[in-house]
Amino acid sequence: MKRFFHSLLAKYVLIIIIALFILYAAYLAIIIIFFNLMGDRDSSGGQEGYEEIEENWHQEASQITSKNDINPLFEEWQEVYPNASMFWVDGDGTLNLQSNLQENLPDEWDATYTAQFLKNHYDEDPFTVVAFVGEREEEGFIVFQLPRDMLKSDGQKLNDEYGWAIIILTIGVVILFIFLSLWFFRGIRKRLVRLEEAMEIRDTDGLPILIEEKKQDEIGDLEKSFNRMVQELRESREREQEEEQLRKELIANLSHDLRTPLTKINAQAYTLQKMDLPTEAKRSLKLTSASIEDVDKLIENLMSYTLLMASKYKKDLKEIDMARFLRQYLAAWYPVFEKEIFEVDIDIEAFEQNKWKIDPLWFSRILDNLLQNVLRHAADGKYIAVGTESTEQHDAIVVTDKGKGMKVDTEQKGAGIGLSIVDMMVKGMRLDWDMDSTEKGTTIKIIRMKRVEG
Amino acid sequence: MAHILYIEDEEEIGRWVTEDLTGRGHNVTWLTSGNQLEQYLNDIDLAILDIMLPGLDGFSIGKRIKKVNQDTPIVMLSARSAVEDKLEGLSFADDYVTKPFHPDELAARVDALLRRFQKGEDSMEIGHLQIDTKSSVIINKHTGGEILLTGKQYQLFQYFLRHLNQILTKEQLYEGVWGERFMEGDKTLMVHIRYLREKIEENPAKPTIIETIRGIGYRVKQ
C-alpha cells in the first residue's frame with residue numbers, strides 16, 4: 001500500500017481527483033448562484049416585476065380623485081424608482097406635469113401623437129405604463145417610464161456583470177488541469193530523458209555506470225533494475241576477465257613449466273658437448289639441442305595458437321613505417337642466416353604508402369615463423385631473400401627460399417601450426433598472404449591490397 | 001671483467017649459466033632469491049634475473065635495481081614467453097631472453113648491454129685497430145700511428161663500438177649520432193661513413209672494419 005502512494009499512478013489519480021473536484025466545485029458554486037437568482041426573480045424584477053408595477057400604477061391612477069393627487073403620487077413613486085420618469089397629459093391633451101422626464105415630448109398631445117407614442121413605447125425600453133387618471137377617464141392619463149435595466153433582479157445584474165468571470169473561471173480550471181497534467185508529465189519526461197542520458201554514459205571498461213536512484217516510484221524501479229543489470233554485467237565481466245586471466249596464467253605457467261626442464265636438458269647437452277667426446281656422441285648431442293629448440297618453438301606456437309583461437313592474444317595496431325621496420329627486424333635475423341652460411345638477399349624499397357597499420361609484435365611473430373621455417377625446412381637451398389613488391393593492386397613483402405618446397409618435405413609437421421598462426425595473425429591485421437611452393441623453392445607474400453580509388 | 005648479479009632459483013640452470021659466464025671472464029654473483037639483493041645493489045655492472053622466484057619476483061627485483069641505479073643494465077631471463085610478460089619486463093629491463101637459450105646468445109646480449117652502458121673493457125682490438133675507449137685514442141697497429149677523427153666521425157665510430165657486432169640500419173645510425181629523424185634519401189650518413197672508412201680502413205675500397213650489410217645497414221664486428 002505504501003508503495004502505491006509513492007507511485008506515479010497514485011500521483012496522477014490525485015491530480016485528476018483535484019481537477020474534477022475544482023471543476024465540480026465551480027459548477028456547484030454556479031448552480032448555487034443560479035438558484036439565488038431564481039429566488040431573486042420571485043421577489044422582484046423579471047416579467048412579474050413589470051406586471052406588478054403596471055398593476056399598481058393602474059390602481060394608483062384610478063384612485064386619483066383630484067389633480068392635486070398627481071404630484072404627491074409622482075413624488076412617492078419617484079422615491080421608490082429614482083430613475084423613473086413620469087408625466088401627466090391632461091384631458092385637454094396638454095403635457096401638464098412631469099417628473100424626471102428624459103424624452104423630448106411635445107406640450108400638446110393630439111390623438112395621432114398619442115397613438116404614435118403608445119405604438120412606439122409598447123413593449124420597448126424604457127418600460128412604459130400608461131394609465132387613465134381617475135375613474136372617469138376624463139382627466140387625461142399619466143405615464144410611468146422606467147429603464148428596463150432598473151427592473152432587473154440582482155442575480156440578472158450579477159450575471160450581466162460577472163458572467164464573463166464564470167466563463168473565465170471555467171476556462172481557468174480547465175487550463176489549470178491541463179497545466180498540472182503537463183507539469184506532471186514534464187517531470188516524468190525530464191526524469192526519463194535524464195535516465196536515458198545516464199544510461200548512455202560508459203565507464204572506462206565500456207560498461208554503463210550506476211545511476212542515482214532518486215524516488216521510489218515506477219521510474220525509481222526502472223533505475224533500480226538498470227543498476228542491478230549494470231551490476232550483473234560488471235560481475236559477469238569480472239568473472240570473464242578472471243577466467244581470461246586464469247587461462248592466460250595457466251598457459252604462461254604451463255609454458256614456463258615445460259621450458260624449465262627443456263632448459264635443463266639444454267644445459268646438460270651443452271656441458272656434455274664441451275667435453276671430449278666421440279664424434280658420434282657429439283652428433284647425437286647436436287641433434288638433442290636441435291630437438292630442444294624445435295620443442296621450444298612448438299610450445300611457443302601452441303601457446304600462441306591457443307590464445308589466438310580464443311582471441312586472447314594481445315593486439316595493438318599502430319601506424320608503422322614498413323621499410324624501416326623490416327630493415328630493423330632483419331638486422332636481428334641476419335646473423336642467424338649468416339651463421340648457417342645462407343646467401344642473404346635483402347632488397348627493401350619504401351612503399352608508396354609506407355605506413356602499415358599493424359601490431360609490430362604480431363608482424364615480427366609472422367616473420368619469425370616464416371624465417372624459422374626457412375631455417376628448419378628449407379636449409380638445403382642455403383638461400384633466403386626478403387624483398388618488397390608493388391603492383392597496381394597490392395604492396396607485398398616477399399620471402400623466398402630455395403628449399404625443396406613445402407609439400408615435398410615430410411619432416412615439417414611443425415611448419416603446419418606455424419603457418420596457421422601466420423594465417424590467423426595476417427588476417428587479424430586485415431592483410432592477406434599467399435604461398436607458392438615448388439620443388440625448387442617457396443615464395444611467401446604478405447599482401448596489403450591497395451584501396452581502389454574513385 | 002664485469003660484475004654480474006644473477007638471480008635464478010633453479011640449481012642446474014643457475015650453476016650452468018654461472019660457470020659459462022665466469023668462463024667468459026665475468027665475475028658472477030649467483031643468488032637463488034632476491035633476499036640478499038641489497039648488499040650487492042651498489043656494486044654490480046649488470047643483472048640477469050629470472051621471473052618466477054621464491055619471494056620477490058624478477059619484475060619487482062628489476063624495478064628496485066633500476067630505482068637505485070638507472071644505469072645498471074638488466075636482462076630478464078625467463079621461461080615465460082607471453083607477450084604480456086615480455087612487455088612488462090621490457091618496460092624497465094633492457095633485454096628479455098627466453099629459456100631455453102644458447103649460452104652464446106646470452107653472452108652476446110650481456111656484452112652488447114655492457115658496451116651500450118659503457119661498462120665494458122677500456123680498450124679493445126678490432127682488426128688492425130687498437131682502441132682505448134677511455135682516452136678516445138685509436139691506434140693503427142700496423143703503422144703504430146694514431147688515427148685522428150673529426151667530431152662527427154668519432155661519434156659515429158663510437159656508436160658502432162657501443163653496438164659492436166650488431167647490424168645497425170641507416171635510420172638507427174643517423175638518429176643515434178645526429179639525434180634527428182632520418183629522412184629517406186639523405187646522403188649525410190653515407191658521406192660520413194666514406195670519410196670514416198678512408199681514415200680507419202686499410203683499403204677503403206674493400207672495407208673490413210665497417211661492413212656493409214646489403215639491404216640492411218652496417219656492422220662493426222670484433
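**Helix packing and chain contact in a predicted model**

Student: In this predicted model, at what angle do helix 5 (residues 151–162) of chain B and helix 6 (residues 170–178) of chain B pack?

Tutor: Two packed helices are described by the angle between their axes and the distance between the axes. For helix 5 of chain B and helix 6 of chain B, the axes lie 10 Å apart, and the packing angle is about 120°.

Student: Which class of packing does that angle give helix 5 of chain B relative to helix 6 of chain B?

Tutor: Angles from 65 to 115 degrees count as roughly perpendicular and those over 145 as roughly antiparallel. The angle here is about 120°. Helix 5 of chain B is therefore, relative to helix 6 of chain B, oblique.

Student: Is the crossing of these two helices left-handed or right-handed, and which residues of helix 6 of chain B take part in the contact?

Tutor: The crossing of helix 5 of chain B past helix 6 of chain B is right-handed. From helix 5 of chain B come Gln155(B), Leu156(B) and Tyr159(B); their counterparts in helix 6 of chain B are Leu173(B), Gly176(B) and Val177(B).

Student: Which element of chain A gives the most to the side that touches chain B?

Tutor: The contact draws 28 residues from chain A and 24 residues from chain B. On the chain A side, the elements giving two or more residues are helix 7, helix 8 (279–309), helix 9 (322–339) and strand 6 (343–347). With 13 residues, the greatest contributor is helix 7 of chain A.

Student: How far does helix 7 (residues 218–274) of chain A reach from its first C-alpha to its last?

Tutor: Helix 7 of chain A has 57 residues, for which 84 Å is expected at 1.5 Å a residue. The reach in the model is close to that, at 82 Å.

Terms used:
Residues numbered from 1 in each chain as written. Chains lettered and ligands numbered in written order. Predicted model: local features only at pLDDT ≥ 70, side-chain atom pairs only at ≥ 80, totals over all residues. Helix = DSSP H or I, 4+ residues; strand = E, 2+ residues; numbered from the N terminus. Expected span 1.5 Å × (residues − 1). Contact = placed C-beta atoms within 7 Å. Axes fitted to C-alpha atoms, helices over the stretch in contact; angles between N-to-C directions. Parallel < 35°, antiparallel > 145°, perpendicular 65-115°, else oblique. Left-handed = near helix turned anticlockwise from the far one by under 90°.
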